[in-house]
Amino acid sequence: MPITETSRLFIQEATLEDAGFFLKLMNSPNWLKFIGDRGIRSEMEAARYIQKSLIDSYQNHGYGLYKMVLKKDGRPIGICGFVRRDYLDHADIGFALLPSHEGKGYALEAANACLDYGSSVLGLHPILAVTTIGNGRSRALLGKIGLHEVGSLSPKENGPELLLFSNA
């Protein structure tokens, strides 16, 4: 059951049955480049990731990363939603797509829908986002959904500097 939807997408909670999709997504070039290698190499590891990072977040925080599903054929194509990071005071919106669906406006649709859901249904305010300096597409999308750059941070010692965005 979707938590929200757009004209082309259902936005819904991930389940353990999505392990094959997550395995593919988490090993796609842009995930590895901009989000990082999570060491997920099998569907079993993907299922553990879904449980630990997504389902546990739904239960513990009332939100998490949701899968984007095409209305026309029911295929998952990406994720969008919220992450509770220990180095941020508020929820962080994030998104990722399979390479074959990038550049078609799906991330913008999903991010706008999730931002509205987060604000109006979940009462999240402000909503933050982090991205690497080199991820120009992510930075552009964050601007399109109304977030603006408010600073930078390095959550890990000697780790990459991240740009911080907010809708406040």
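Visitor: Why does arginine 75 count as partly exposed?

Guide: In this predicted model, arginine 75 has a relative accessibility of 41%, and because partly exposed covers the range between under 20% and over 50%, arginine 75 is counted as partly exposed.

Visitor: What makes the pair of arginine 75 and aspartate 73 a salt bridge?

Guide: The closest N and O atoms of arginine 75 and aspartate 73 are 2.7 Å apart, and the cut-off is within 4 Å, so the pair is a salt bridge. Aspartate 73, at 39% relative accessibility, also counts as partly exposed.

Visitor: How do you know that glutamate 102 and arginine 137 form a salt bridge, and which parts does the pair tie together?

Guide: Their side chains meet at 3.7 Å, N to O, which is again set against the limit of within 4 Å. Glutamate 102 lies in the loop between strand 5 (92–97) and helix 4 (106–120), whereas arginine 137 is in helix 5 (residues 136–144), so the pair ties together parts that are 35 residues apart in sequence.

Visitor: Is arginine 137 buried or exposed?

Guide: Arginine 137 has a relative accessible area of 54%, and because exposed means over 50%, arginine 137 is exposed, while glutamate 102, at 23%, is partly exposed.

Visitor: Why is there no disulfide between cysteine 80 and cysteine 114?

Guide: The sulfur of cysteine 80 is 3.8 Å from that of cysteine 114, and because a disulfide needs sulfur atoms within 2.5 Å, the two are too far apart for a bond. The count of disulfides comes to zero. Cysteine 80 is buried, with a relative accessible area of 0%, and cysteine 114, at 0% relative accessibility, also counts as buried.

Terms used
Residues numbered from 1 in each chain as written. Predicted model: local features only at pLDDT ≥ 70, side-chain atom pairs only at ≥ 80, totals over all residues. Heavy atoms only, no water. Buried < 20%, exposed > 50% of the residue type's maximum accessible area, 1.4 Å probe, protein only. Helix = DSSP H or I, 4+ residues; strand = E, 2+ residues; numbered from the N terminus.
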